[in-house]
Amino acid sequence: MPGIDKLPIEETLEDSPQTRSLLGVFEEDAAAISSYFSQLFKAMQRIYDAQNELSAATHLTSKLLKDYEKQRFPLGGDDEVMSSTLQQFAKVIDELSSCHAVLSTQLADAMMFPITQFQERDLREILILKEVFQLASDDHDAAVHRYSRLSKRKENEKVKNEVMEDVYTSRKKQHETTMHYFASLNMLQYKKKIALLEPLLGYMQAQISFFKLGSENLTQQWEDFLTNIGTSVQNVRREMDSDAEAMEQTIQDLKEASDPLYMPDPDPNRIPVNRNLTRKAGYLNTRNKTGLVSSSWERQYFFTQGGNLMSQSRGAVAGGLVMDIDNCSVMAVDCEDRRFCFQITAFDGKKAAVLQADSRKDCEEWIATINNISKRIYLSENPEEIAARVNQSALEAVTPSPSFQQRHESFRPNTQGKVKASRSGSQCSVGSESPALSSLSLDSLVAPDTPIQFDIISPVSEEHTSQTKSSAQGRTNPFGESGGSQSEESEDSILHQLFIVRFLGSMEVKATESSDVIYETMRQILAARAIHNIFRMTESHLLVTCECLKLIDPQTQVTRLRFPLSSVVLCASHQENKRLFGFVLQTAGGRADGQPVTVCYIFESNNDGEKICDSIGLAKQIALHSEMDRKASQKQRELDKAKEKQQEELHKQKQIEKDLEEQSRLIAASSRPNQPAADGQFLVLSNSQSEDSDVGEEGLKKGESEA
């Protein structure tokens, strides 16, 4: 290549100062080349590392987009459109990741390999040759120095020969090393340009190939897809801006409307006290005793739930029960020089809570709310309003605590005596005595003046109840059954589910087409219980099997009631209070005129009423399939019996035909007397052989035996 200076290899043996000076210039140039390429190598290494990181990041992005549909965001929901869009993005980015991986491979082969080879092989060779050249030059100078010091007076041939041999060897070594060193420095000028241009050429070719590959993969279809996604993003942004404006307006409206509420004790003339609340929630300060005379106050969030007062600390997952406020007493008190304090005392007086509200309004509203929940009866001159409001309160919480029954037994002895007296007649004619309840009845669902039964009486058979009581002592079955048939019935059933229920009441109904009849019965029974102060309920275990429903005494394990599953025509739970459920039973021939009797039974459960209704529905389905299988098996057995009978008749017919053929053969043989047989003997026939061809089977057998 013209324009490149070279070291004269021919002058290496002479090793003149001019040659050494020129060598120094080449060595400086080699050092500059090494420094420059070291920096260039670092720059290209960063390009290669960045490309590898980009390829790995692109692949990871594609993988995360594919896994989006597997993620479960608490507020995200199932967005199929978003999942589908991200799947398409993942497909595109996955292709881009493949392109980036190809680009990384091409950069490693076409860019990094040449410059790495130049730096690790060529430049390293120059450094090694420089060290070897320096050592050879030093050895040659030392040998020449020893040769120059040979004495001419005392010549020693042996020493002289050794010194001359040393000079010869060192000079030869220096000459050869210098020639290789000069040649490498001369070649470095060429290799420098190759090592500089080849990586850049490889880098550009790899980039061009990458862009071509990307243009081939990103077709018009992907461009249209990206355009649609861009439009969707703009729509979402506009929707977000609109929603942000609406929220900002809402914030401004709430700030203006809530300005009077910022005061801890607002003016009662501007914000009046609401004394008709049945639910209340808010922060209160509760007093906790820390010693005999000392106490501390803690701020918690209180709320009413049914007939209970609940509290929840900030950050807690759920609230805890403070006390049962049914039939409790509440009043304002003075406590430790604090304002707006009130005290709630339980029905038995054993438990009390002292609470402090933030304002007089909150204090009075809390007292009124607890009084409303505790009384559950609202005074009004309109009977319909009485029943409607009582029904609403009764539906909120029927019996929230286990001590509900004992509490009302101790507080209302006269009422309980009245209930027991009504139970002795097995009926409580609430519908006929209460004009409020009659006004709430719907003639299309429940007949007017229908009595409500608050005691458990079987609609199927009253004799079954008496038999159950008479045989209760000899029972060992945990489900309260005795005898062979009922025990086998429970053991053979494939479904056994037990629920804890409390009987609320039952009444005769007219319609069974929809669950509205159950809802209406619930409303009337709950209203009747609230109006007449009937709070006691009988707790039982409801056993659901594929044959029947049983109400079992939880203590004695005696079966109180047994409902055949076939008589259950309807079952439903309350739409709001899920603990209430009921079912309708229809018994054929229950009246004197032979008409069926339809009775609706209402219960309260500790579990979800829908689960009990689903269990009853499952039992009916299993019973239906079992009945269908039984009928199919019975029909198959009848077909098998008919087929066997037909085979037997056919066999008898064939036997008769065979006997007739045998008789005909014997008659034909008897018509030829004294005819020798094949073995020379004579066949003698009896004269008593019957000649009648229409004889029966017994005659044929007798004639054959006589022959």
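Which two side chains meet in a salt bridge at 3.0 Å, N to O? They are those of Arg275 and Glu364, and the tour reaches this pair at its third stop.

**Before starting**

The model is predicted, so local features need pLDDT of at least 70 and side-chain atom pairs count only at pLDDT 80 or more, whereas totals for chains, interfaces and linings use all residues. Residues are numbered from 1 along each chain as its sequence is written, and side-chain values use heavy atoms, with hydrogens and water left out.

**First stop: helix H3**

Select residues 157-217, which form helix H3. Helices (H or I, at least four residues) and strands (E, at least two) are DSSP runs, numbered from the N terminus. Within H3, pick out Gln207. This residue has a relative accessibility of 14% and counts as buried; the term means under 20% relative accessible area, while exposed means over 50% and partly exposed in between (1.4 Å probe, protein chains only). Now add Leu103: its C-alpha is 7.1 Å from that of Gln207, although 104 residues separate the two in sequence.

**Second stop: from H3 to H2**

Stay on H3 and select Lys191, together with Asp122 in helix H2 (residues 80-148). Their side chains form a salt bridge of 3.2 Å, N to O. A salt bridge here is a side-chain nitrogen of Lys or Arg within 4 Å of a carboxyl oxygen of Asp or Glu. Asp122 is buried at 7% relative accessibility, whereas Lys191 is partly exposed at 30%. The structure holds 20 salt bridges. The pair of Asp122 and Lys191 links distant parts of the chain, 69 residues apart.

**Third stop: the opening pair**

Select Arg275 and Glu364, the salt bridge of 3.0 Å named at the outset. Arg275 lies in the loop between helix H4 (220-257) and strand S1 (281-289), and Glu364 in helix H5 (residues 360-375), so the pair ties together parts that are 89 residues apart in sequence. Both ends are partly exposed: Arg275 at 48% relative accessibility and Glu364 at 25%.

**Fourth stop: aromatic rings**

The structure holds 14 aromatic pairs. Rings of Phe, Tyr and Trp (its six-membered ring) pair if their centres lie within 6.5 Å; planes under 30 degrees apart count as stacked, over 60 as edge-to-face and the rest as tilted. Select Phe583 and Tyr601, a stacked pair with 6.1 Å centre to centre and 20° between the planes. Phe583 belongs to strand S14 (residues 580-587) and Tyr601 to strand S15 (residues 597-605), so the pair ties together parts 18 residues apart in sequence. Phe583 is buried, with a relative accessible area of 0%, and Tyr601 is buried at 1%. Extend the selection to Phe503, Phe563, Phe581 and Phe603, which form one aromatic cluster with Phe583 and Tyr601.

**Last stop: helix H14**

Select residues 609-670, helix H14. From first C-alpha to last, its 62 residues reach 91 Å, close to the 92 Å expected at 1.5 Å a residue; the expected span is 1.5 Å times one less than the number of residues. The buried residues of H14 include Gly609, Ile612, Cys613, Gln663 and Leu666. Finish with Glu662 and Arg665, a salt bridge whose closest N and O atoms are 2.3 Å apart. Being three residues apart in H14, Glu662 and Arg665 are separated by about one helical turn. An α-helix has 3.6 residues a turn, so residues three or four places apart point the same way. Glu662 is partly exposed at 25%, as is Arg665 at 48%.
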